[in-house]
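Colleague: Could you walk me through where the ligand sits in this model? I would like to know how each value was worked out too.

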Amino acid sequence: MTKIKSMAVFCGAADGNNPAYIKGAHTLGKIMAENGVDLVYGAGHVGMMGAVAKSVLDAGGRAIGVINKTLNEREEQTFLLTDLILYPSLHERKDAMYAMSDAFCILPGGIGTMDELSEIMTLKQIGDLNKPIILFNIAGFWDPFRIFIDRLISEGYLKPEYEKLVTYIDRAEDILPTAQKEIDAIDNKK
Ligand code: AMP
């Protein structure tokens, strides 16, 4: 069985308006460090991204930032990551993050987060990525997305079985066990 060793976390470069979002990011970071699961993320130092990375590092874990040239030039680096990997373009950077991670966890965020989420869902739908995608549903943030996914199904644009492309989780403590369960199920099918 493959034990989960790394998880990509996609989330906002802003804090968001509900303090529960930053709190959730912080809790997840701590849990990842305590379980020896490396954080793979977009290398941001601010908002939700900064919160999860700082929390991982403060708890003694490993935070690996993967960034492209233009974003890196703009980014103000306020703390030191375990590793910073630089790619020329956003596309190469995203592909590297998908390959490096055993699972994905999506926290509240904006358009950048939605781009990353829809891309990994597309890759999973066409069979190019077979890894868990967990939506950390802090304070019901992903409820409208879930309704929209149901709408895509009822309107005939998404096959009903693809509702299971993602898993919605309310509690940070349930994220790694849920991801591990899906990894085990994928291993058993091989
Ligand atoms: P957003 O949800 O629009 O705030 O964008 C967040 C996502 O886009 C993250 O998961 C990052 O991969 C990427 N991103 C956006 N802003 C930055 C930034 N300042 N530094 C690094 N990555 C960023």
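Modeller: Happy to! Helices (H or I, at least four residues) and strands (E, at least two) are DSSP runs, numbered from the N terminus. This is a predicted model, where local features need pLDDT of at least 70 and side-chain atom pairs count only at pLDDT 80 or more, while totals for chains, interfaces and linings use all residues. Residues are numbered from 1 along each chain as its sequence is written, and side-chain values use heavy atoms, with hydrogens and water left out.

Colleague: Which helix gives the most to the lining of the largest pocket?

Modeller: On a 1 Å grid over the protein atoms alone, a pocket is an open set of points where a 1.4 Å probe fits, with protein on both sides within 12 Å along at least five of seven lines; lining residues have an atom within 4 Å of a point. Strand 1 (6–10), helix 4 (90–100) and helix 5 (111–125) each supply at least two lining residues. With five residues, the top contributor is helix 5.

Colleague: What takes up the space of the largest pocket?

Modeller: A molecule sits in a pocket if more than half of its atoms lie within 2 Å of the pocket's grid points. By that test, the occupant of the largest pocket is the ligand.

Colleague: How far from an oxygen atom of the ligand is a polar side-chain atom of Glu116?

Modeller: A polar contact is a pair of N or O atoms within 3.5 Å. For Gly112, a backbone N or O atom lies 2.8 Å from a ligand oxygen, and for Thr113 a polar side-chain atom lies 2.6 Å from one. For the polar side-chain atom of Glu116, the distance is 2.4 Å.

Technical notes:
Polar contact = N/O pair within 3.5 Å; in protein donor to acceptor, adjacent residues only side chain to side chain.
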